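Trainee: I would like to go through this model with you, beginning with the nucleic acid and ending with the protein chains.

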2 protein chains.
Amino acid sequence: MDKKAFFHKFVAFTTAVHQVTHDMTRDIKWDSITPVQYRILEYVAVSQPVTLSEISECQHMSMPNTSRELKKLCDKNLCDKTTDAEDHRKQFISLSKDGQALMDEAFKRIEGRFQQRIQDASEEELEIIDRALDVLQSKVFYSDAPS
Amino acid sequence: MDKKAFFHKFVAFTTAVHQVTHDMTRDIKWDSITPVQYRILEYVAVSQPVTLSEISECQHMSMPNTSRELKKLCDKNLCDKTTDAEDHRKQFISLSKDGQALMDEAFKRIEGRFQQRIQDASEEELEIIDRALDVLQSKVFYSDAPS
DNA sequence: CTCTTTAATTATCATTTGATAACTAAAATC
DNA sequence: GATTTTAGTTATCAAATGATAATTAAAGAG
């Protein structure tokens, strides 16, 4: 296999993924929430409950900045903080009722657009796509083992 | 096929792609160039020569902001502008010698990390990955037809 | 030739984001 | 019990990004 060509295909692919996910989440960021805040909400939605440190690490932002943005989200009643009973330093973050509703709505729209994209695929094609997702996630887009 | 589960797999996958591309381009943004400027350079590198309007549209930024960032890149001697001979309003943007060197170096590092990721894959697995990329790009991550 | 549209620029302002230092309080270690 | 580490906060500053209005110059349409 031609390594250069393979790499180019990889680059084109990741560009396409970025492009498409951008298109699919466009106009989701209403409601006075900023892009960074949306990314945090998305992360919390998928991984809740999470601690501030986890958000900080996974979103590649410093603790002070994470703390600030999270404070804004809590002020907007989109997130709740609860102190860990075992370790009183830790805060568990989860979506509030409003935050959950917001993200449910967001995911609903994204899912709608996703279904539109695959609506022309036959059942066999869906199986192929399904396996392609598995393959790429396990062989290429896996998480680095922490050193 | 379970639609909900399929959608969740899609979301997890795109998250993984974002995560991995972020990891692979970390510490590439040396040299006093900002993330947005890097994205522009990457786009120019792949698609040159391009016009300002094309950059503006593909990178989802307004013309004034695109113009400003491009001016900075030209001031840093990373890009060249040449006026279209046929339409004097248009400017073709391409990488300068320095800009090309910068992006060659960047792509070299990214490619190194890519090769690391797939180094354990057998030849047959590479074939499978190759086809998986094709499938997903054509069936899921294709560009929307402009309305 | 006039009017409109297109491509790009300049200037300006508000907001968002990133970075850093100094701090509190609760574990954990010795 | 004193010290160190961990989790998170607050305050502050600088830089990056986004948004808008006003402008120039060239091309295209009537």
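Trainee: How many nonpolar, polar and charged residues does the surface near DNA strand D have?
Mentor: The model is predicted. Around DNA strand D there are 22 residues, with A:Leu52, A:Ser53, A:Ser67, A:Lys81 and B:Thr34 the closest. Sorted by class, that surface has 6 nonpolar, 8 polar and 8 charged residues.

Trainee: Which element gives the most to the surface near DNA strand D?
Mentor: Two or more residues come from each of α3 (52-58) and α4 (63-75) of chain A and α2 (35-47) and α4 (63-75) of chain B. With 4 residues, the one that gives the most is α4(A).

Trainee: How far is a phosphate oxygen of DNA strand D from an N or O atom in the side chain of B:Thr34?
Mentor: Sugar and phosphate make up 60% of the atoms of DNA strand D that come within 4 Å of the protein. From chain A, a polar side-chain atom of A:Ser67 is 2.8 Å from a phosphate oxygen of the strand. From chain B, a polar side-chain atom of B:Arg89 is 3.4 Å from a sugar or linking oxygen. For the side chain of B:Thr34, the distance to a phosphate oxygen is 2.7 Å.

Trainee: What is the relation between chain B and chain A?
Mentor: A turn of 180° with a shift of 0.0 Å along the axis lays chain B on chain A, at an RMSD of 0.0 Å. That turn and shift therefore describe a two-fold axis.

Trainee: Why do the copies meet through the same surface?
Mentor: The contact takes 48 residues from chain B and 48 residues from chain A. Of the interface residues of chain B, 100% are also interface residues in chain A, so the copies meet through the same surface.

Trainee: Which residues of chain B lose the most area to chain A?
Mentor: The two chains bury about 5100 Å² between them, 68% of it on carbon and sulfur atoms. Together 13% of what the side of chain B buries falls to the three that lose the most: B:Phe6, B:Phe7 and B:Arg117.

Trainee: Which element gives the most to the side of chain B that touches chain A?
Mentor: The rule finds 8 salt bridges across this interface, and one of them pairs A:Lys9 with B:Asp134 at 2.9 Å between the closest N and O atoms. On the side of chain B, α1 (3-25), α5 (97-118) and α6 (123-139) each supply at least two residues. The element that gives the most, with 19 residues, is α1(B).

Conventions
Residues are numbered from 1 along each chain as its sequence is written. Chains are lettered from A and ligands numbered from 1 in the order in which they are written. This is a predicted model: local features need pLDDT of at least 70, side-chain atom pairs count only at pLDDT 80 or more; totals for chains, interfaces and linings use all residues. Side-chain values use heavy atoms; hydrogens and water are left out. Copies are superposed by least squares on the C-alpha atoms of residues with pLDDT of at least 70 in both. Contact means heavy atoms within 4.5 Å. Buried area is the accessible area (1.4 Å probe) that two parts lose on being put together, summed over both. A salt bridge is a side-chain nitrogen of Lys or Arg within 4 Å of a carboxyl oxygen of Asp or Glu. A residue is near a molecule or strand if one of its heavy atoms lies within 4 Å of it. A polar contact is a pair of N or O atoms within 3.5 Å; within protein, one must be able to donate a hydrogen and the other to accept it, and residues adjacent in sequence count only if both atoms are side-chain atoms. Ala, Val, Leu, Ile, Met, Phe, Trp, Tyr, Cys and Pro count as nonpolar, Asp, Glu, Lys and Arg as charged, and the others, Gly among them, as polar.
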